[in-house]
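Here is a brief report on one protein chain. Please look over the sequence and the model before reading on.

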Amino acid sequence: KLKIDTEKEHSAIESKLKEIYNTDTTQYKSYNMVLDPRIVQYNDSMYIQYTISTNYLHTQYGEKSSFAHYILIPVSAISL
């Protein structure tokens, strides 16, 4: 059974989303879990797959929400 550090988990998810959404025209605001996280194997490594909807601010269109998308975080980065 995995033991996940929830603070590291939240920080890792937000870091990934900020990389995606903090641009010249958009800024990350928050996220919502759409489905429960699940463990997946990718390139011979273990990850947790999060299905997330993101709230962001668009300079021209105001506050928007994304469709659900996947974020992969290495288990080793967030486990205790």
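The report goes from the overall layout to the strands, then to helix contacts and surface features.

## Overall layout

This is a predicted model. The protein holds 2 helices and 4 strands. From the N terminus on, the elements run α-β-β-β-β-α. The C-alpha atoms fill a box of roughly 45 × 20 × 20 Å along the principal axes.

Of the 80 residues in the protein, 35% are buried. The accessible surface comes to about 5700 Å². Carbon and sulfur atoms hold 47% of that surface. Among contacts with a separation of 6 or more, residues 24 or more positions apart account for 48%.

## Strand β2 and its partners

Strand β2 spans residues 45-58. This strand is mostly covered, with 11 of its 14 residues buried. β2 pairs with β1, with β3 and with β4.

The pairing with strand β1 (residues 26-42) is antiparallel and covers 13 bridges. Met-33 has Ile-52 in β2 as its bridge partner. The β1–β2 hairpin has 2 residues between the strands. In that hairpin Asn-43 takes a positive phi near 50°.

Strand β3 (residues 62-65) is joined to β2 by 4 bridges, again antiparallel. Here Asn-55 is the bridge partner of Ser-65 in β3. β2 and β3 form a hairpin as well, with 3 residues between them.

## Strand β4

β2 and β4 pair in the antiparallel sense over 6 bridges. Two residue positions illustrate the register. Tyr-50 stands opposite Ile-71 in β4, and Ile-52 stands opposite His-69 in β4. Ile-52 is also the β2 bridge partner of Met-33.

In a regular strand the side chains alternate between the two faces of the sheet. Strand β4 (residues 69-74) shows such an alternation. His-69, Ile-71 and Ile-73 point to one face and are buried. Tyr-70, Leu-72 and Pro-74 point to the other face and are not buried.

## Helix α1 and the C-terminal residues

Helix α1 covers residues 6-21. Both Glu-7 and Glu-9 lie in this helix. Are these two glutamates buried or exposed? Glu-7 is exposed, at 66% relative accessible area. Glu-9 has a relative accessible area of 17%, so this residue counts as buried.

Each glutamate lies far along the sequence from a residue listed with it here. Glu-7 and Ile-78 are 71 residues apart in sequence, with 8.4 Å between their C-alpha atoms. Glu-9 and Ser-79 are 70 residues apart in sequence, and their C-alpha atoms are 8.3 Å apart. Leaving aside neighbours within four places in sequence, Glu-9 is in contact with Ile-4, Tyr-50 and Ile-78. Tyr-50 is the residue that stands opposite Ile-71 in β4.

## Aromatic pairs and a surface patch

The model has 2 aromatic pairs. In one of them, Tyr-42 and Tyr-47 meet edge-to-face, 6.0 Å centre to centre and with 75° between the planes. Tyr-42 has a relative accessibility of 44%, so this ring's residue counts as partly exposed. Tyr-47 is buried, because its relative accessible area is 18% and the limit for buried is under 20%.

Leu-2, Ile-39 and Met-46 make a nonpolar surface patch of about 260 Å². Met-46 sits in strand β2. At 42% relative accessibility, Met-46 counts as partly exposed.

Methods
Residues numbered from 1 in each chain as written. Heavy atoms only, no water. Phe/Tyr/Trp six-rings, centres within 6.5 Å; stacked < 30°, edge-to-face > 60°. Buried < 20%, exposed > 50% of the residue type's maximum accessible area, 1.4 Å probe, protein only. Patch = residues over 30% accessible without salt bridge, like charges linked within 9 Å, V, L, I, M, F, W, Y side chains within 5 Å. Areas by Shrake-Rupley, 256 points an atom, 1.4 Å probe, with all protein chains shown as cover. Salt bridge = Lys/Arg side-chain N within 4 Å of Asp/Glu carboxyl O. Pairing = 2+ DSSP bridges. Contact = heavy atoms within 4.5 Å.
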